[in-house]
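Q: Hi! Could you walk me through this structure? I'd like to ask things as they come to mind.

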Amino acid sequence: MAVPEFLSRAELIKQGAEARVYRAEFLGKPAIVKERFPKRYRHPVLDEKLTHRRTVQEVRSILRCRRAGISTPAVYFVDYTTHCIFLEEVVGSLTVRDHIAATQKSGCCTGPELEQLAKRIGQILAKMHDEDVIHGDLTTSNMLLRHGQGDGESDLVLIDFGLSYNSALPEDKGVDLYVLEKAFLSTHPNTESLFEKLLKSYTVSSKKSSAVIKKLDEVRLRGRKRSMVG
Ligand code: AMP
């Protein structure tokens, strides 16, 4: 079956500015399909080139993370003609955003449980940055918790590498953390100390963290100066 026909039968779950996300079954497996569509305002040749590059980069980052042992959805199939990536659907998962919100609301064992989660996020991001993968859009919505079998610990899965790229520069890693900090603190009120736990865990887990944290501090300072001027 051709990809457009396949997508016409799939369930659209998100219509973004750059891509559409569908839920479908691919070779008998629950799948998520991310389709980058043409941007009419761009020159078609340039658009094709950019879209192709982004699709390649997204797949490359996912594979790089998976090779390093970081949980990301498996890539089932890529169609470079329609710019579609077919990914494993992380079935029965919950976003970290929803998990934190629900835990805070319940008030039950908020401290130790969320601190453990923050620690785990810090470790995973340290590993990702040590592989020189910059996610580009770190938020708690782009992290899924897949509940473990039996009483096993749940697995943390990173998703949406659509803005990712490769870089060894501490500045790029610092900005990646800054984007997460901004998103984290605005989404989850009163979590400053929780985010500090995440950064502490990142610091002890990454081989190159001191230069990254230094850059993060510089970016924070620039952000503060800008908001004072504005
Ligand atoms: P995205 O544009 O990649 O962030 O995807 C939009 C939404 O689809 C996410 O916020 C998730 O709720 C869901 N989603 C994306 N990828 C997956 C996946 N591999 N498994 C399960 N849900 C996903």
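Q: Happy to start anywhere, so where does Asp 155 sit?
A: Asp 155 is in strand β9; strands are DSSP runs of E with at least two residues, helices are runs of H or I with at least four residues, and both are numbered from the N terminus. This is a predicted model, where local features need pLDDT of at least 70, side-chain atom pairs count only at pLDDT 80 or more, and totals for chains, interfaces and linings use all residues. Residues are numbered from 1 along each chain as its sequence is written, and side-chain values use heavy atoms, with hydrogens and water left out.

Q: Is Asp 155 buried, partly exposed or exposed?
A: Asp 155 counts as partly exposed, at 28% relative accessibility. Buried means under 20% relative accessible area, exposed means over 50%, and partly exposed is in between, with a 1.4 Å probe and protein chains only.

Q: And how far is Asp 155 from Ile 70 in space?
A: Their C-alpha atoms are 10.0 Å apart, with the two positions 85 residues apart in sequence numbering.

Q: Switching to the ligand: which residues come nearest?
A: Lys 14, Pro 73, Glu 88, Val 90 and Asp 160 come nearest, out of 13 residues around the ligand. Being near here takes a heavy atom of the residue within 4 Å of the molecule or strand.

Q: Which strands supply at least two residues of that shell each?
A: β1 (11-15) and β3 (29-36) do.

Q: How does the shell divide into nonpolar, polar and charged?
A: Seven are nonpolar, one is polar and five are charged. Ala, Val, Leu, Ile, Met, Phe, Trp, Tyr, Cys and Pro count as nonpolar, Asp, Glu, Lys and Arg as charged, and the others, Gly among them, as polar.

Q: What about Lys 14, Val 90 and Asn 142, how far are their polar atoms from the ligand?
A: A side-chain N or O atom of Lys 14 is 3.1 Å from a ligand oxygen. A polar backbone atom of Val 90 is 2.8 Å from a ligand nitrogen. For Asn 142, a polar side-chain atom lies 3.5 Å from an oxygen of the ligand.

Q: How much of the ligand does the protein bury?
A: The protein buries 81% of the 480 Å² that the ligand exposes when taken alone. Those accessible areas come from the Shrake-Rupley method with a 1.4 Å probe.

Q: Back to Asp 160, what is its phi?
A: Phi of Asp 160 is near 55°, a positive value in a residue other than glycine. Most residues other than glycine have a negative phi. Asp 160 lies in the loop between β9 (155-158) and β10 (165-166), and is partly exposed at 23% relative accessible area.

Q: What about the phi of His 83?
A: Phi of His 83 is also positive, near 55°. His 83 is in the loop between β4 (75-79) and β5 (84-88), and is buried at 7%.

Q: Where is Lys 34, and is it buried or exposed?
A: Lys 34 lies in strand β3 and is buried, with a relative accessible area of 12%. The C-alpha atoms of Lys 34 and Cys 84 are separated by 5.5 Å, though the two are 50 residues apart along the chain.

Q: Last one: what does the side chain of Thr 191 sit beside?
A: A polar atom of the Thr 191 side chain lies 2.6 Å from the backbone oxygen of His 188. Thr 191 is in the loop between α5 and α6 (192-205), and is buried at 2% relative accessible area.

Definitions and conventions:
A polar contact is a pair of N or O atoms within 3.5 Å; within protein, one must be able to donate a hydrogen and the other to accept it, and residues adjacent in sequence count only if both atoms are side-chain atoms.
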